[in-house]
Amino acid sequence: MMFLRNCWYVAGWSHDIAADSLVSRTMLGEPIVLYRKADSGVVALEDRCCHRLAPLSRGRIEGDDLRCMYHGLKFAPSGKCVEVPGQDLIPSTAVVRSYPVVERDCWVWLWMGDPASADPALIPEALGHDHPDWFMQTGQLAYEANYELINDNLLDLTHLSYVHEKTLGRNSMSWGESRPRVTPIERGLRIARWVVNNPAPAYLGLPPETRTDMWASYDYMVPGVFLLATQSHPPGTAAACKMEARSAEPMWRVLTSQAVTPISERQTIYYYSGCLSRSYATEDHSKQQIAVFERAFAEDKAMIEAQQRVVDRTPERRMMILATDGALNQFRRLMAGLIETEQQPPSRPAERRLA
Ligand code: FES
Ligand SMILES: [Fe+2]
């Protein structure tokens, strides 16, 4: 399976991992168990005891350690076995894999590659999460589809006018006709555009006749983290500033952070938030926003899973490339390049001399 390993993946919401609970996840095909230590720090271990391969998620938390409840081996957060019932000697092979974990912005991030290169500075910064000035609602959705099709979907938002005609698109072609500017950034792409004459969102309690010019800019980060901020201005603003970004205060802003994490080659989990500022929105607006998002993301899921079934039935058929596929093709190339680089064996000095 071809996954990028040396990067941070969202393993869940902080609130998914309660104290004294064992949460099992499959990420990149690997079984993982998550739990909290006494100081509330999250531990991520391979969910497979090294003895007879029983899942540790059926185990018992003992202080900071986790005991397999099949024959009682006890593991420290490092993955090292620290107790073997019935024998004094602990074999050096009695160890399970331990994953570097960082909890940040209400997300639990796991480094799936070489632990020595796990750099928390590479974690993308979620927008609005856990910020006192913003309402935040969260959700997640499991897909029967490869993660790349979901990245593709999020990298081409012209689909809002079609897939989300009745929800986010509000029967308008404003997204479908928008043309984004795509700029490479460190480990990602920045995709920005004016969405001109855009109907105001239903969840703010505004009628669809209310139009705005909306500046929508997002960073799409490796391996599939979507960080979108939109700023709505009065109609005519886009033309007045010659389609450049406007610095003036918008009428309102909307933030959403989303993350795509592969479970396996054909299964993916998608985490998303909706964030509205307390300066213009009520809690009720915020609940309505996530309800619209839930309906819209179910529309994406239906389309993408159907697309996956067609792809699987006719694997020989190639996709064609249109102008609107610019961002998704750049991102696929970025990911493919990173995967290729990390799969190359480190070259030894002697080999380098021969080359
Ligand atoms: S399978 Fe875990 S202790 Fe035997
Ligand atoms: Fe969508």
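Residues 24 or more positions apart make up 59% of the contacts in the protein that have a separation of 6 or more. The model behind this figure is a predicted one. Of its 355 residues, 50% come out as buried. In terms of secondary structure, the count is 5 helices and 18 strands. The radius of gyration is 23 Å, close to the 20 Å from the globule rule for 355 residues, so the protein is as compact as a globular protein of that length. Along the principal axes, the C-alpha atoms take up a box of roughly 75 × 55 × 40 Å.

Turning to the strands, β15 (residues 211-221) is mostly covered, with 10 of its 11 residues buried. Strand β14 (residues 188-199) pairs with β15 in the antiparallel sense, and 10 bridges hold that pairing. Within it, V195 has M214 of β15 as its bridge partner. Strand β15 is also joined to β16 (residues 225-233), again antiparallel, this time by 9 bridges. The link between β15 and β16 is a hairpin of 3 residues, and M221 sits opposite V225 of β16. As a general point, side chains in a regular strand alternate between the two faces of the sheet.

Elsewhere there is an open sheet of 4 strands, ordered β2-β3-β4-β9 and paired antiparallel. Its edges are β2 (23-27) and β9 (98-99), each of which pairs on one side only. Strands β3 (residues 30-36) and β4 (residues 42-46) run antiparallel and share 5 bridges. One residue to pick out here is Y35, whose bridge partner in β4 is V43.

Y35 turns up again in the surroundings of D65, a residue of strand β6 (residues 65-67). Neighbours within four places in sequence aside, D65 is in contact with Y35, R60, K74, F75, A76, P77 and V82. D65 is buried, at a relative accessible area of 16%.

Then there is the metal. The iron ion (ligand 2) gets its protein donors from H159 (NE2), H164 (NE2) and D300, the last giving two OD entries, and these donors lie 2.1 to 2.3 Å from the ion. Along the chain, the donors follow the spacing H-x4-H-x135-D. H159 belongs to the loop between α1 (147-154) and β13 (181-185), whereas D300 is part of helix α3 (residues 283-313), so the pair ties together parts that are 141 residues apart in sequence. Both ends of that tie are covered: H159 is buried with a relative accessible area of 12%, and D300 is buried at 3%. The geometry of the iron site is irregular, with angles of 58 to 146° among the 4 donor atoms. That range does not fit a tetrahedral site, because all angles would then have to lie between 85 and 135 degrees.

On the cysteine side, the structure holds 0 disulfides. The sulfur of C106 has its closest cysteine sulfur in C275, 8.8 Å away, which is too far for a bond. Seen from C275, the closest cysteine sulfur is likewise that of C106. A disulfide would call for sulfur atoms within 2.5 Å, so this pair does not qualify. Both cysteines are tucked away from the surface: C106 counts as buried at 16% relative accessibility, and C275 counts as buried at 0%.

Key: Residues are numbered from 1 along each chain as its sequence is written. Chains are lettered from A and ligands numbered from 1 in the order in which they are written. This is a predicted model: local features need pLDDT of at least 70, side-chain atom pairs count only at pLDDT 80 or more; totals for chains, interfaces and linings use all residues. Side-chain values use heavy atoms; hydrogens and water are left out. Donors are N, O and S atoms within 2.8 Å of the metal (3.2 Å for Na, K and Ca); water is not among the atoms, so sites may look incomplete. Four donors count as tetrahedral if all angles lie between 85 and 135 degrees; four count as square planar and six as octahedral if opposite donors are over 155 degrees apart and all others between 65 and 115; anything else is irregular. Helices (H or I, at least four residues) and strands (E, at least two) are DSSP runs, numbered from the N terminus. Buried means under 20% relative accessible area, exposed over 50%, partly exposed in between (1.4 Å probe, protein chains only). Contact means heavy atoms within 4.5 Å. Two strands pair if DSSP finds at least two bridges between them. The radius of gyration is taken over C-alpha atoms; the globule rule is 2.2 Å times the number of residues to the power 0.38.
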